[in-house]
Amino acid sequence: MTREEIAEVVKATVRELGKTGYLRRFDDVAYSRMSNRLYDYYTGQSEDKDLEDALDQVKGHYYFSILPQYYKDRLTIDWIAESYHCDAMTIKRNKKQLCLQLWQILDEKGVI
């Protein structure tokens, strides 16, 4: 098999894995894991000093209150969007951005 044939097989395999959901982008995995960690933290299921420190670092973000509203108070994205006077996509995008920032902070500390 030539190098080009192998590359084509790999591309086709990756496409198929993506379609079936078996292959996810790294930031989607990081977002999902951080989302679970935030839920556990805000519901009191776990005490997480490292996460608490990371939250302190992003506290100045304009949309920071999305996190406790969503994970602790269990408010919907639509309700949060209304309170910010913006659309739901803005809230989703910023929630994901905050989660990924937290992931990066924790990863740099080596506690992921």
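Lys109 is partly exposed, with a relative accessible area of 41%. In this predicted model, Lys109 is a useful place to start, since two salt bridges lead from it to helix H3.

One partner is Asp53, whose side chain meets that of Lys109 in a salt bridge with an N to O distance of 3.8 Å. This pair connects distant parts of the chain, with Asp53 in helix H3 and Lys109 in helix H6, 56 residues apart. Asp53 has a relative accessibility of 26%, so it counts as partly exposed. Through shared partners, salt bridges join Lys49, Asp50, Asp53 and Lys109 into one network.

Asp50 also forms a salt bridge with Lys109, and here the closest N and O atoms are 3.6 Å apart. Again the pair links distant parts of the chain: Asp50 lies in helix H3 and Lys109 in helix H6, 59 residues apart. The relative accessibility of Asp50 is 27%, and Asp50 therefore counts as partly exposed.

The structure holds six salt bridges. One of them pairs Asp48 with Arg37, the closest N and O atoms being 2.6 Å apart. Asp48 sits in the loop between H2 and H3, whereas Arg37 belongs to helix H2, and eleven residues separate the two. Asp48 counts as buried because its relative accessibility is 11%, and the cut-off for buried is under 20%.

The nonpolar interior comes next. The largest nonpolar core has 24 residues, and those touching the most other members are Met34, Leu38, Leu55, Leu67, Ile91 and Leu102. Two or more residues come from each of helix H2 (26–42), helix H3 (49–58), helix H4 (66–72), helix H5 (77–84) and helix H6 (88–109). The greatest contribution is that of H6, with seven residues. Leu102 shows what such contacts look like: leaving aside residues up to four places away in sequence, Leu102 touches Met34, Leu38, Leu51, Ala54, Leu55, Val58 and Leu67.

Nonpolar side chains also occur on the outside. Met1, Ile6, Val9, Val10 and Val14 form a nonpolar patch on the surface, and together they have about 480 Å² of accessible area. Val10, one member of this patch, is placed in helix H1, which covers residues 3–20. Val10 has a relative accessible area of 47% and so is partly exposed. That value fits the patch, because patch residues must have over 30% relative accessible area.

Notes
Residues are numbered from 1 along each chain as its sequence is written. This is a predicted model: local features need pLDDT of at least 70, side-chain atom pairs count only at pLDDT 80 or more; totals for chains, interfaces and linings use all residues. Side-chain values use heavy atoms; hydrogens and water are left out. Patches are made of residues with over 30% relative accessible area and no salt bridge: like charges are joined within 9 Å, nonpolar side chains (Val, Leu, Ile, Met, Phe, Trp, Tyr) within 5 Å. Accessible areas come from the Shrake-Rupley method with a 1.4 Å probe; for residues, only the protein chains shown count as cover. A salt bridge is a side-chain nitrogen of Lys or Arg within 4 Å of a carboxyl oxygen of Asp or Glu. Helices (H or I, at least four residues) and strands (E, at least two) are DSSP runs, numbered from the N terminus. Buried means under 20% relative accessible area, exposed over 50%, partly exposed in between (1.4 Å probe, protein chains only). A nonpolar core is a set of buried Ala, Val, Leu, Ile, Met, Phe, Trp, Tyr and Cys residues joined through side-chain atoms within 4.5 Å. Contact means heavy atoms within 4.5 Å.
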